[in-house]
Amino acid sequence: MLPLTKRSKSLLAAALLAALAGCGTADTGAEPQGGAREEAAAHPAVTKGAAPPGLPGMPPVLDPKDVYAADRPNNLSPVVKNFPSRVYVPNTNSNTVSVIDPATYQVIETIPVGIQPQHVVPSWDMKTLWVNNNRGHTLTPINPATGVAGDPVEVHDPYNLYFTPNGRYAVVMASLDRELVFRDPHTMERRKTVPVSCYGVNHADFSADGRYFVVSCEFSGELLKVDTEKMEVVGQQKLPFEGAMPQDVKISPDGKTFYIADMMAHGMWVLDGDKFTTPSLLPTGKGCHGLYISRDSKEMYVPNRGEGSISVFDFARNKLTKKWWLPDGGSPDMGGVSADGKVLWLSGRYDSEVYAIDTTTGRQLARIPVGSGPHGLAVYPQPGRYSLGHTGIFR
């Protein structure tokens, strides 16, 4: 998220942009170019029992009891298995992406990108990494096979980026524009614009069947529920906490519960997505920010940016079981888990560094200097059949 010292400025900018925003536009988009969808759907999909009917065109759910069943350690798809293992770190204040070799914990390259890169996002077909240059109003594509950046694509206010589970659309979280913009997942041409009445749309996750997704609105402390196929907001609620500031969103392995990190409520909101009733708050630590699932789907890692810690939530026991503290403090923010599941990688938002943390012991393995304002880093490649976006949500 934006540094706290700039928050009031961001709120004002959001209000001004909202006043200028016109009515939503829509046009009927053709299906995306063929190969990507067919490739992921061709993955082995042995279903364990009856899976819920999914969004049309979505690859079948592998296990109705675990939406992350395809994300097991080193279960790399044929699309990504030969990509070099790297950690891509967008530096919002330096306008660069630092590339880390996880084997050596060294920065091996620095890639110039657009203004204020926020997240590095794997495409639905997993062939491209998109750098979200929020204030530069562009997306910079990086080829993960070569590490080479391509020509930027003009996209207005791309704070974050997601993909519908059937691969039909990219969904741009246009935070200050107060819009959800559905685009072609390859060309990024606009297909439908959905204006929203909340402020600061930024993170999301999809239901197990892919038919809806839950969106956090950072600056107004609200949640949205969006019908994926209709591309319409079907639910909206204000969080029951004065000054709430929701961040990352993640669904439980069994698909029954959404968790929403809140950096001002200092915990996770626990939400029944189907009913979309008022959620309850589970305190984790100061500045609760990101949410990352372990490779065995048993735990969730929760970085608390305001206190330099990571809480560990056990799904089966439905409670926090551990808390890991970074030596010498820090500001753990966004990131992801290594392909083998052994290392949690997090950006140090206010400390110009990246942390590598042992997921068995919680021990800090490395503290790596990078550019200024590191944010939504992507560990790549990762297991899974297709990407839903953000820094890597794989199914």
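Which strand gives the most to the lining of the largest cavity? In this predicted model, that part is played by strand 25, which contributes three residues. Strand 25 covers residues 332–337, and strand 21, at 292–293, likewise supplies at least two residues of this lining.

The largest cavity holds about 170 Å³ of space and is one of five cavities of 30 Å³ or more. Its lining comprises 14 residues, with Asp71, Ile293, Arg295, Gln382 and Gly392 lying nearest the centre. Sorted by class, the lining of the largest cavity contains six nonpolar, five polar and three charged residues.

The second largest cavity encloses about 80 Å³. Here 13 residues form the lining, and those closest to the centre are Val61, Leu62, Val67, Arg385 and Arg395. No polar residues appear in the lining of the second largest cavity, which is made up of nine nonpolar and four charged residues.

Attention can now turn to a single residue, serine 98. Serine 98 belongs to strand 2, which runs over residues 96–101. Its relative accessibility is 3%, so serine 98 counts as buried, the cut-off being under 20%. The side chain of serine 98 makes a polar contact, at 3.0 Å, with the side chain of asparagine 91. With neighbours within four places in sequence set aside, the contacts of serine 98 include Val87, Tyr88, Val89 and Asn91. Val107, Glu109, Val370 and Gly371 are also in contact with serine 98.

Key: Residues numbered from 1 in each chain as written. Predicted model: local features only at pLDDT ≥ 70, side-chain atom pairs only at ≥ 80, totals over all residues. Heavy atoms only, no water. 1 Å grid on protein atoms, 1.4 Å probe; cavity = no way out; pocket = protein on both sides within 12 Å on 5 of 7 lines; lining within 4 Å. Points joined across faces, edges and corners; volume = space filled by probe spheres on them. Helix = DSSP H or I, 4+ residues; strand = E, 2+ residues; numbered from the N terminus. Nonpolar A, V, L, I, M, F, W, Y, C, P; charged D, E, K, R; others polar. Buried < 20%, exposed > 50% of the residue type's maximum accessible area, 1.4 Å probe, protein only. Polar contact = N/O pair within 3.5 Å; in protein donor to acceptor, adjacent residues only side chain to side chain. Contact = heavy atoms within 4.5 Å.
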